[in-house]
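Please walk through this protein chain with me, beginning at one pair of facing residues and moving outward to the chain as a whole.

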Amino acid sequence: MHNPNRYPIVATLGLLCAFSLTGCSPAPEAQKTAEPAAAATTPAEATPAPGLPRTAAPDNASVYFVTPADGDTLSSPVSVTFGAENVGIAPAGTDTPATGHHHLVINAPLPPEGLPIPKNDQYQHFGGGQTETTVELEPGTYKLTLVLGDHLHIPHEPMIYSETITITVTE
């Protein structure tokens, strides 16, 4: 007997597998033709969650920038240090309650809530559990946001993300 509810689950699982096989990156064609993205937005303005299972966020969990500070003018490479409160930092693939790993969003909107966070220059992954990095940036103004992903790179429920900061990079 035909079950009409079966196909959305199969399509969703297929999409999850496709992201896993490509390292959460969009297809190369999509990267070349994509329009520049807007700065980070609130989750309400982001793409609605398509319904993949999400890990519950620990109570009062937050992520933030230790450095740089909002409004800083820096030269490249830019040192970035990530902070977290009320949540543990663990490598991707570690399915431990109340943990996640950092993703640095550069001049892009928050990722969709119910899909793995993309992996490209605008959505940088720190799946090893890193809490700091150095980023090469051309001179200009940048909006930076941190997003915590679970063991599968999917944002928690509710999404744990920092305030967006703006930095200026000089030559």
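In this predicted model, Thr 81 stands opposite Glu 132, a residue of strand β7. The two strands involved in the wider pairing are β3, which covers residues 78-85, and β7, and they run antiparallel and are joined by four bridges. Strands of a sheet pair through backbone hydrogen bonds, in either a parallel or an antiparallel manner.

This pairing belongs to an open sheet of three strands, ordered β1-β3-β7, in which the pairing is antiparallel. Strands β1 (62-67) and β7 (132-135) stand at the edges and have a single partner strand each, so one side of each is left without a neighbour in the sheet. From one strand to the next, the twist averages 30°.

A second place to look is strand β9, residues 165-170, which contains Thr 168. Is Thr 168 buried or exposed? Its relative accessibility is 29%, and because buried means under 20% and exposed means over 50%, Thr 168 counts as partly exposed. Leaving aside residues up to four places away in sequence, Thr 168 touches Asp 72, Thr 73, Leu 74, Gly 140 and Thr 141. Of these, Gly 140 is 28 residues from Thr 168 in sequence, yet their C-alpha atoms are 5.7 Å apart in space.

Turning to the whole, the protein chain holds two helices and nine strands, and from the N terminus on its elements run α-α-β-β-β-β-β-β-β-β-β. Among contacts between residues at least 6 apart in sequence, 73% join residues at least 24 apart. Buried residues make up 37% of the 171 residues, while the chain exposes about 9,400 Å², of which carbon and sulfur atoms supply 56%.

Conventions:
Residues numbered from 1 in each chain as written. Predicted model: local features only at pLDDT ≥ 70, side-chain atom pairs only at ≥ 80, totals over all residues. Heavy atoms only, no water. Buried < 20%, exposed > 50% of the residue type's maximum accessible area, 1.4 Å probe, protein only. Contact = heavy atoms within 4.5 Å. Areas by Shrake-Rupley, 256 points an atom, 1.4 Å probe, with all protein chains shown as cover. Pairing = 2+ DSSP bridges. Axes fitted to C-alpha atoms, helices over the stretch in contact; angles between N-to-C directions.
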